[in-house]
Structure formats: C-alpha cells, structure tokens
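Student: I would like a close look at a single part of this model, with the cut-offs behind each term given as you go. Please treat the aromatic rings briefly and then stay with one helix.

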Amino acid sequence: MTEHPQHTDPTDNSIGNNLARVREQIAEACHRYGRDVGDVRLIAVSKTKPAAAVRTAIEAGHVDFGENQMQDALSKIPQFENSKLSWHYIGPLQSNKSKFIAGNFNWWHTMTRLDVAQRVSRKAVDVGKPVNVLIQINITNDPAKSGITSNELAPLIEQLLKSDLAGIKLRGLMTIGPQGANEAELRKCFAKLNALLQENQKRFGLASFDQLSMGMTGDLVPAIAEGATMVRVGSAIFGSR
Ligand SMILES: *Cc1c(COP(=O)(O)O)cnc(C)c1O
C-alpha cells in the first residue's frame, strides 16, 4: 500500500479522482515529450453537465472550465463568483450570441470571422473585460467541421490587426483532431497547427500569439507531444455525455 491515495482505485468515477488521473496523464505525456507541465493548461469541459459537477471540480482545485453552448453556459457561470476561475468558450458562436462572450468568458477558442470578432471586441471594451482569442482552424479541411483553412489564416489576422480591436487579445490557434485517426495521423495534424502558429507569430511579430488549444479525452497525448498549451477534456473528467 505504498501508492499515492489518488492511484488506489482506478475504477472510482468521482470527478476529483478523474481530474487527478487526467493531470497525471498530462504530467506523463509532458515528461515523455520533454514538455514543461506548467505549460499545459487543462480545461475541464463541463458542457451539458450541471453546475454541481463544476462545483465538485472546483473543490478539487480546478479553475479552467470549457462550455460549447451559450444558453447552457449562461445557466451555470453566474452561479460562481470565484474570480480565480477561467471560463473558455469552445463551441460555435452565432453572432446574435456574441454579446455574451465578454463578461462571461476569459477565453474564446472558436473565432473564425472578423465581423463576430468586432462585436465581441466592442462588448469587451464596454464591460472593461478583454477576451483572449484563439482562431479555430479546420486543419484537415473536413467539410463537417467548423474553422477556417490554413490558407485563410494570414488574411484574417491581417484584417484583425487593421481593425485594431481593443477588446480582444489574439492569443493563438485551436483545432479539433480528426476522429478515428491513428496516433501518427493525429500528430501530423497537431504538428501542422503548431507550424502554422509559429509561422504567423513570426510573420506578424505577435509575441503573445503563442497558445495552441488542441487535444481532447481521446487525443491529448499526441497533442501534448506536438506542443499543445491547452487541452480540452470532457468525458474523462465528467463522464460520458
Ligand atoms: C466536447 C468538446 C471537447 C471535450 O471532448 P471529450 O472527448 O469529452 O474530452 C473538447 N473540445 C471541444 C471543442 C468540444 O466540443
């Protein structure tokens, strides 16, 4: 019985234990691929789960939460006053819901359009809370997925910089890995996103354009191997949906 208590029962499904296991998986991947564990932020994706589940995760020391549906998110976020929390919007955003990003979310992972970014920025200036923004890339050009193509990235950044949006901070890129792909294919996709980040960071001289949101329950290890700074994990923490 020399094991750490967190390891004792791998079948225990409680959220706190799940979080500990995912953190451990992240630490192992970081060790294996020469990454600093402090450079990978775990976002617990609480979409469709009740506020009580979020509360349990907070009690286990967690602070970063991801939501993908505005209505669902707005039913939960106001229940938490904790200023240490960071909320991440990771779903598609209809422009009529864009006014809810600023003031509720610290991070918006799924920006794809200049006009929506302009709306979010205006609101962020109004409420005095800037939003960290990631641009979503459809790295495999999958017609079923949202996100812009790699070729559309530089022109979009150019437009964003021209628009001088005071309410948003351009922080990096996000992608969803292809479903059913093997480890090598996943790594190739994630490596592409990393290369795209580096290339545009240099091209536009954007020092803080340095975040890569990639990796979920099924593919967080290859994402960390290829430089993820944020992994978005739902079912491994909160159970299946
Ligand atoms: C649901 C979701 C996740 C988490 O998925 P799991 O497989 O449950 O970890 C991550 N990213 C996005 C964009 C999602 O919609």
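Tutor: Two rings of Phe, Tyr or Trp (for Trp, the six-membered ring) pair if their centres lie within 6.5 Å, and the pair counts as stacked when the planes are under 30 degrees apart, edge-to-face when they are over 60, and tilted otherwise. The model is a predicted one, in which local features need pLDDT of at least 70 and side-chain atom pairs count only at pLDDT 80 or more, while totals for chains, interfaces and linings use all residues. Numbering runs from 1 along each chain as its sequence is written, and side-chain values rest on heavy atoms, with hydrogens and water left out.

By the ring rule there are three aromatic pairs. In one of them, the ring centres of Phe65 and Trp87 are 5.5 Å apart and the planes stand at 35°, so this pair is tilted. The two rings bring together distant parts of the chain, since Phe65 belongs to strand S2 (residues 64-67) and Trp87, 22 residues away, to strand S3 (residues 86-89); helices (H or I, at least four residues) and strands (E, at least two) are DSSP runs numbered from the N terminus. Phe65 and Trp87 are buried, a term for under 20% relative accessible area, with exposed meaning over 50% and partly exposed lying in between (1.4 Å probe, protein chains only). Trp87 also forms a tilted pair with Phe80, at 6.1 Å centre to centre and 40° between the planes. Through these ring pairs Phe65, Phe80 and Trp87 are linked into a cluster.

The helix to follow closely is H6. Its 22 residues (183-204) should span 32 Å at 1.5 Å a residue, and the C-alpha atoms at its ends are indeed 32 Å apart; the expected span is 1.5 Å times one less than the number of residues. Seen down the axis of H6, the buried residues fall within an arc of 155°, so they line one face of the helix, where the arc is that of the directions from the helix axis to the C-beta atoms. That buried set comprises Leu186, Cys189, Phe190, Leu193, Asn194, Leu196, Leu197, Asn200 and Phe204, whereas Ala184, Lys188, Lys202 and Arg203 are exposed on the other side. The buried residues of H6 pack, with contact meaning heavy atoms within 4.5 Å, against helix H5 (150-163), strand S6 (168-174), strand S7 (211-213) and helix H7 (220-225). Just after H6, Gly205 adopts a positive phi of about 60°.

The same helix can be placed within the nonpolar core, a set of buried Ala, Val, Leu, Ile, Met, Phe, Trp, Tyr and Cys residues joined through side-chain atoms within 4.5 Å. The largest such core has 67 residues, and those with the most contacts inside it are Trp108, Met111, Ile135, Leu160 and Leu173. H6 gives the most to this core, with seven residues. Leaving aside neighbours within four places in sequence, Leu173 is in contact with a set of residues including Leu193, Leu196 and Leu197. There is also a second, separate core of five residues, among them Ile43, Leu134, Met174 and Met230.

One more position concerns H5, a packing partner of H6. Asp164 lies in the loop between H5 and S6, and its phi is near 50°, a positive value in a residue other than glycine. At 65% relative accessibility, Asp164 counts as exposed.
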